[in-house]
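Subject: Handing over a structure

Dear colleague,

Please find the structure below, and keep it open while you read the notes that follow.

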Amino acid sequence: GKLGLRPALVDHVGGLGAEQLSGAGPRDALVAVSFTPYTQATVDLANAAFARGVPLVALTDSPFSPLAPVAKVRLDVVAADVSGFRSLAAT
């Protein structure tokens, strides 16, 4: 708000992600966060935004992430995996 930007959280609660994202356009940006196993809803919303010309910033774990092909900017974060528990501290 202090930057004069109009942020909106797309949380997909109640399956309403598409509606929450419906006002986004080419002058906006979507920041999508997903790690293995990738949440299908996040991938679907990112692809829908890409199809409408919304630039995507992806915070993910690999260049092979399903978010990578549609991301204008991709930030890869390696999360530690200890005995089946993944720490998201780096994220």
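Two definitions will help at the start: contact means heavy atoms within 4.5 Å, and a residue is called buried when its relative accessible area is under 20%, exposed when it is over 50%, and partly exposed in between. Please also keep in mind that this is a predicted model.

With those terms in hand, we can begin with helix α2, which covers residues 40-51. The buried residues of α2 are V43, L45, A46 and A49, and they cover an arc of only 165° around the axis, so they sit on the same side of α2. A general point helps to picture this: an α-helix has 3.6 residues a turn, so residues three or four places apart point the same way. What do the buried residues of α2 pack against? They pack against α1, which is residues 17-21, and against the strands β1 and β2. The helix α2 itself lies across β1 and β2, and it runs at about 155° to β1. Its length can be checked as well: at 1.5 Å a residue, the 12 residues of α2 should span 16 Å, and because the end C-alpha atoms are 16 Å apart, the two values agree. Just after α2, G53 takes a positive phi of about 85°.

The strands come next. Three of them form an open sheet in the order β1-β2-β3, with parallel pairing, and the edge strands, each pairing on one side only, are β1 (30-33) and β3 (73-76). From one strand to the next the twist averages 15°. Between β1 and β2 (residues 56-60), which run parallel, there are four bridges; in β2, L56 is the bridge partner of L30, and V57 is that of V31. The side chains of β1 alternate along the strand, with L30 and A32 pointing to one face and buried, whereas V31 and V33 point to the other face and are not buried.

Helix and sheet meet again in the nonpolar core. The largest such core has 13 residues, and those with the most contacts inside it are L21, L30, A46, A49, V54, L56 and L67. The elements that give two or more residues to this core are β1, α2 and β2, and α2 gives the most, with four residues. If you would like one residue to follow on screen, try A49, which, leaving aside its neighbours within four places in sequence, is in contact with L21, L30 and V54.

Some backbone details deserve a careful look. Most residues other than glycine have a negative phi, and most peptide bonds are trans. Which two residues are joined by a cis peptide bond? They are T36 and P37, with an omega of about -10°, and P37 lies in the loop between β1 and α2. H12, in the segment before α1, has a positive phi of about 60° although it is not a glycine. With a relative accessible area of 32%, H12 is partly exposed.

V10 is also found in the segment before α1, and at 27% relative accessibility V10 counts as partly exposed. Not counting residues up to four places away in sequence, V10 touches G17, Q20, L21 and L45. V10 and A24 are 14 residues apart in sequence, and their C-alpha atoms are 11 Å apart in space.

With best wishes

How values were computed. Residues numbered from 1 in each chain as written. Predicted model: local features only at pLDDT ≥ 70, side-chain atom pairs only at ≥ 80, totals over all residues. Heavy atoms only, no water. Pairing = 2+ DSSP bridges. Axes fitted to C-alpha atoms, helices over the stretch in contact; angles between N-to-C directions. Expected span 1.5 Å × (residues − 1). Buried < 20%, exposed > 50% of the residue type's maximum accessible area, 1.4 Å probe, protein only. Arc of directions from axis to C-beta. Core = buried A, V, L, I, M, F, W, Y, C linked by side-chain atoms within 4.5 Å.
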